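Trainee: I am new to this structure. Please take me closely through one part of it, and then show me how that part sits within the whole.

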Amino acid sequence: MANIILKNIKKTYEGGVTVIENLNLEIKDKEFVVLVGPSGCGKSTTLRMIAGLESITDGEMYMGGKLVNKVAPKDRDIAMVFQTYALYPHMNVYKNMAFGLMQRKVDKKNIDEKVMHAAKILDLEPYLKRKPKALSGGQRQRVALGRAMVRDPEIFLLDEPLSNLDAKLRTEMRSQISKLHKDLGTTFVYVTHDQTEAMTMADRIVVMKGGVVQQFDTPQALYDKPANMFVASFIGSPEMNLFPAKIQIDQKKTYVLLDDLKMELPEGLLKNHDLSAYDGKEIVLGIRPEDFYMENFVKESYPDAILRVEAELVENTGSEMNIYFKHETKKANKGMSIAKINSRDQIQIGDSIELVFDKNHIHLFDKDTEVSLFNEKEKKL
């Protein structure tokens, strides 16, 4: 069992600077968990505490049911892959992968079996005699992964391992690491600031901000049911549009008022959610760029959810088009609003257009607390 439990973890550095406050997580055996968030949110510090490279100021950490607060990194049965490959330039690929086992005086036959097995999985067999300078960035990162693999660890810790690669290599390595996780059947804890990496690789994602877990859930749940405005804006590209709006309840029907729009909320959206306390109050309305449409049949379905705007900027990516527009009401988040639509709709800068959104996929947030009004329970464990 290689589950990891963090209970009330706190990390304070000398001088009284607290970077992690009351962190609670439970990472299941063989799970792929990604810690994501902006720079300085505490994700790398959390990973280093799991590795034993950073001490824990307060709280308890368990691995496989064993308290490990005082256990040295070498005794935690973990392997860590860093942002920098840290390969020995004078050694070939084989020796780089075998070096840790050689230091432990593992017999040569066992070393050879482990290195060749890892090289086969990572497609490194043709490069075993090459030195790092003769490898591409992606190949070097695979060597770093192989060096970790040969140790047969219960837990893999990966700290932004793809950040030094170009976009094409990052995409390739994402699939390589995901496949590696499935092949090895071990626990992976992965740190990144890239939400695309998190969404495409993780079983579950920990979204952090200021040393505090904002939400811990599956990628789809984070996208569909963000716990608050931070998660809603951080997960998704382009980020969610946020508009100031107001709730109105009239004859048992609930409406959202946005400028001259009075949108009735669908019953399915309101299921198990009582918004009566927000009657007449200002809230924040969230709409993802991909939930805007221009088709007439959608307008007919949602006649009270049509925004009339002017295209300020148009980006055509081939398969889709990003339309940037300003709205009559000042946005709740900075910059222009964005609609992502089918690129076959020919839109030019300055065009007046009608955008309609699927009311079943809107999000509502408390203006002051920024918490979702549809969030049944913020998942942190």
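Mentor: Start with a rule: two strands count as paired if DSSP finds at least two bridges between them. Keep in mind that this model is predicted.

Now look at strand β17, which covers residues 320–326. It pairs with β16, and 6 bridges join the two. Their direction is antiparallel. β16 itself spans residues 306–316. Find Asn 316, and you will see Met 321 of β17 standing opposite. Together β16 and β17 make a hairpin, with 3 residues between the strands. The turn holds Gly 318, whose phi is positive, about 105 degrees.

β17 also has a partnership with β18, residues 337–342. Here too, 6 bridges do the joining, and the two strands run antiparallel. One facing pair is Tyr 324 and Ile 338, the latter in β18. How many of the 7 residues in β17 are buried? The count is 5, so the strand is mostly covered.

Step back to the loop just before β16. This loop runs between α10 (296–301) and β16, and Asp 304 lies in it. The side chain of Asp 304 forms a salt bridge with that of Lys 359, at 3.0 Å from N to O. Lys 359 sits in another loop, between β19 (352–357) and β20 (363–366). The two residues are 55 apart along the chain, and their pair links distant parts of it. Are they buried or exposed? Both Asp 304 and Lys 359 are buried.

Other salt bridges are worth a look. The total is 12. Take Lys 114 and Asp 152, whose side chains meet at 2.3 Å, N to O. This pair, too, links distant parts of the chain, with 38 residues of separation. Lys 114 belongs to helix α3 (residues 108–121). Asp 152 is in the loop between α4 (137–149) and β7 (155–159). Asp 152 counts as partly exposed because its relative accessible area is 48%.

Next comes Glu 54, which meets Arg 48 in a salt bridge of 3.5 Å, N to O. Why does Glu 54 count as buried? The reason is its relative accessibility of 17%, because the cut-off for buried is under 20%. Arg 48 stands at 28%, so it counts as partly exposed. Shared partners join Lys 11, Arg 48 and Glu 54 into one salt-bridge network.

For one more loop, go to Ser 276, between α9 (267–270) and β14 (282–287). Ser 276 is partly exposed because its relative accessibility is 44%. Its C-alpha lies 39 Å from that of Thr 18, with their positions 258 residues apart along the chain.

Finally, the whole. The protein has 10 helices and 20 strands. Of its 381 residues, 50% are buried. Its C-alpha atoms fill a box of roughly 80 × 45 × 40 Å along the principal axes. Among contacts with a separation of 6 or more, 68% join residues 24 or more positions apart. The exposed area is about 18,900 Å², with carbon and sulfur atoms supplying 47%. As for charge, there are 54 positive and 55 negative side chains. The centres of those two sets lie 9 Å apart.

Note on methods: Residues numbered from 1 in each chain as written. Predicted model: local features only at pLDDT ≥ 70, side-chain atom pairs only at ≥ 80, totals over all residues. Heavy atoms only, no water. Salt bridge = Lys/Arg side-chain N within 4 Å of Asp/Glu carboxyl O. Buried < 20%, exposed > 50% of the residue type's maximum accessible area, 1.4 Å probe, protein only. Helix = DSSP H or I, 4+ residues; strand = E, 2+ residues; numbered from the N terminus. Contact = heavy atoms within 4.5 Å. Areas by Shrake-Rupley, 256 points an atom, 1.4 Å probe, with all protein chains shown as cover. Lys, Arg positive; Asp, Glu negative; His and termini not counted. Charge placed at Lys NZ, Arg CZ, Asp CG, Glu CD.
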